[in-house]
Amino acid sequence: MEIQTIVRNSEPMTLKEMQDAVGGTIQLVYDDGETQIICNEEGKLMDLPENERATDIWWDKLDEQGKGWGTLDYLVGNVLILQGTARMD
């Protein structure tokens with residue numbers, strides 16, 4: 001299974017489009033007012049592979065906020081990075 005980090009900067013996605021992109025129920029794991037990171041809420045339970053690219057982006061965002069590398073948790077499966085007008089309300 002090839003995992004993807006999907007970056008969107010314009011045109012918001014519907015809930016169904018987001019669910020289809022991550023392969024299940026969505027979970028907002030990061031929102032700094034400019035960037036939102038969304039993954040599959042049950043991805044680890046489904047034993048999806050680690051998404052290294054999305055995890056690195058997430059850790060960088062946490063580091064920028066002075067939160068260090070958090071708990072060194074990681075993201076799995078397809079992950080959405082929403083910015084600009086693509087962000088959810």
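**View 1. Gln36, a buried residue in strand β3.** Gln36 has a relative accessibility of 2%, so Gln36 counts as buried (buried means under 20% relative accessible area, exposed over 50%, partly exposed in between, with a 1.4 Å probe and protein chains only). Its home is strand β3, residues 35-40; strands are DSSP runs of E with at least two residues, helices are runs of H or I with at least four, and both are numbered from the N terminus. The side chain of Gln36 makes a polar contact with the side chain of Asp31, at 3.2 Å (a pair of N or O atoms within 3.5 Å; within protein, one must be able to donate a hydrogen and the other to accept it, and residues adjacent in sequence count only if both atoms are side-chain atoms). This is a predicted model, where local features need pLDDT of at least 70 and side-chain atom pairs count only at pLDDT 80 or more, while totals for chains, interfaces and linings use all residues. Residues are numbered from 1 along each chain as its sequence is written, and side-chain values use heavy atoms, leaving out hydrogens and water.

**View 2. Glu11, a loop residue with positive phi.** Look for Glu11 in the loop between β1 (5-8) and α1 (15-22). Its phi is near 55 degrees, a positive value in a residue other than glycine. Most residues other than glycine have a negative phi. Glu11 is exposed, at 56% relative accessibility.

**View 3. Asp47, in the loop between β3 and α2.** Here phi is near 60 degrees, again positive in a residue other than glycine. Asp47 has a relative accessible area of 68%, so Asp47 is exposed.

**View 4. Glu64 in helix α2.** Helix α2 covers residues 52-64 and includes Glu64. With a relative accessible area of 61%, Glu64 is exposed.
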